[in-house]
Amino acid sequence: MTPAELRQLIPAARESAYLDSATYGPASERTVAAIVDFAQSWSRGSTRYEVWHEAGEECRGLFARLLNAPVESIAIQPYVSTAAGSIAVQLRPGDRVVVSEIEFASNLWPWLYQRERGVEVAVVPARGGRSELEAYEAATGDRATILAVSAFQSSNGWRAPLRRLAELAHAAGALLFVDACQGAGGIRLDPELDGFDLLVSDSYKWLLGPRGAGYMYLSQAARERFRPVSIGWHAAKDPLHTYYGVEVLLSETASRFDSSLSWISAIGDRESLSLLNHVGIEAIEAHNLRLADRFRAGIEELGISTSPFPEAERSPVVAISVEDPETVRTRLADAGVVVALRADSVRFAFHVFNNDSDVDRALEALA
């Protein structure tokens, strides 16, 4: 499948220049149809729940494929904040977390909240919309437990140098935790290439799925260091045959960290993840970055400023600085361009279903 073919399945792409996947990704017709079919069978009581359970297992495999990771390393965790919290509560007094001040609250507050238990949290300063590697190094020192970072930033699109941060973290004895709610489905992320130990992503943004579905990658080192916190029947070695009894038979894979599955979310997400895999994450990243670069070139000609990140630290998100962001967003909306306001900037997010006409439409409205 090509990006152009996927675009034909996204109603939002036909009705507007939808440049806001960083807030939520619009559903495909296939995703909506699957959810409608679920609702009908649910209302009639005509489907055994095991069918819906199996959809969750298929989603696990499809997300693993996007990461080029073993399926055994993927847990089902619906939200970044709950996954981060499940790790944060296991930190001990004296453990050290390193995190940038620019992070979204879901990857900042779970760590900061542990300070009252004696966990040290070193907050890395951000200058010019990014935290320098040297600042991370100074904050990490020679001892740390977790280095937490977003794949790219919600506010301005700054893409973290994950491999270098992983090397820094590992040298200090820490694990690299990646919030990929902004990232998974939009750029290539690979534990072997990037070196991260934990990665969490919701499905409702760049993965184009419904809210309530999400995934967590755990390396072998992470599975050995941390324990599942919210244990239920879904974390069992054989969940469909482990409803009762005092013997706790947890899965031997990352599924021991599973949350209970949202059936309706899994049904929809199976379609969304399948479509992304049909296009391929390398093709998606190349497409998204090309559109973002085209937009950067256009706003430069218009004299509109954005953060001048190095090329390797650019993502499919571009935030522009304008005098009256709300007025600019209204003007864009009147022209059929959907964007968001974040951190006093107007944020544009370019995804696989967008094309050059969306970029041009946005630039024309800005001009």
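This section describes salt bridges, pockets, a surface patch and one buried histidine in a predicted model.

The count of salt bridges in the model comes to 22. One of them joins the side chains of Arg 7 and Asp 358, with a nitrogen-to-oxygen distance of 2.8 Å. Arg 7 belongs to helix 1, which covers residues 3–7, and Asp 358 to helix 14, which covers residues 356–366, so this pair ties together parts of the chain that are 351 residues apart in sequence. Both partners, Arg 7 and Asp 358, are buried.

A further salt bridge is found between the side chains of Glu 50 and Arg 48, again described by an N to O distance of 2.8 Å. Glu 50 has a relative accessible area of 24% and is therefore partly exposed, since the partly exposed class lies between the limits of 20% and 50%. Arg 48 has a relative accessible area of 61% and is exposed, because this class begins over 50%.

Helix 14 also contributes Asp 360, whose side chain meets that of Arg 294 in a salt bridge (2.8 Å, N to O). Arg 294 lies in helix 12 (residues 281–302) and Asp 360 in helix 14, so the contact ties together parts that are 66 residues apart in sequence. Asp 360, at 28% relative accessibility, counts as partly exposed. Arg 294, with a relative accessible area of 33%, is likewise partly exposed. The pair belongs to a network in which Arg 290, Arg 294, Asp 356 and Asp 360 are joined through salt bridges that share partners.

Two pockets were examined. The largest pocket holds about 250 Å³ of space. Its lining consists of 17 residues, and those nearest the centre are Phe 104, Ser 106, Cys 181, Tyr 204 and Lys 205. By residue class, the lining of the largest pocket comprises six nonpolar, five polar and six charged residues.

The second largest pocket has a volume of about 160 Å³. It is lined by 13 residues, of which Trp 233, Thr 242, Glu 247, Val 248 and Leu 249 are the closest to its centre. The lining of this second largest pocket divides into nine nonpolar residues, three polar residues and one charged residue.

Trp 233, one of the residues closest to the centre of the second largest pocket, also takes part in a feature of the surface. Together with Tyr 243 and Tyr 244, Trp 233 makes a nonpolar surface patch of about 400 Å². Trp 233 is placed in the loop between helix 10 (220–225) and helix 11 (263–279). The relative accessible area of Trp 233 is 32%, and the residue is therefore partly exposed. This value also permits membership of the patch, because patches are made of residues with over 30% relative accessible area and no salt bridge.

The final site concerns a histidine. His 53 is situated in helix 4, which spans residues 49–67. Its relative accessibility is 6%, so His 53 counts as buried, the limit for this class being under 20%. The C-alpha atom of His 53 is separated by 6.8 Å from that of Trp 263, although the two residues are 210 residues apart along the chain. Residue 263 is also the start of helix 11 (263–279).

How values were computed
Residues numbered from 1 in each chain as written. Predicted model: local features only at pLDDT ≥ 70, side-chain atom pairs only at ≥ 80, totals over all residues. Heavy atoms only, no water. Patch = residues over 30% accessible without salt bridge, like charges linked within 9 Å, V, L, I, M, F, W, Y side chains within 5 Å. Areas by Shrake-Rupley, 256 points an atom, 1.4 Å probe, with all protein chains shown as cover. Salt bridge = Lys/Arg side-chain N within 4 Å of Asp/Glu carboxyl O. Helix = DSSP H or I, 4+ residues; strand = E, 2+ residues; numbered from the N terminus. Buried < 20%, exposed > 50% of the residue type's maximum accessible area, 1.4 Å probe, protein only. 1 Å grid on protein atoms, 1.4 Å probe; cavity = no way out; pocket = protein on both sides within 12 Å on 5 of 7 lines; lining within 4 Å. Points joined across faces, edges and corners; volume = space filled by probe spheres on them. Nonpolar A, V, L, I, M, F, W, Y, C, P; charged D, E, K, R; others polar.
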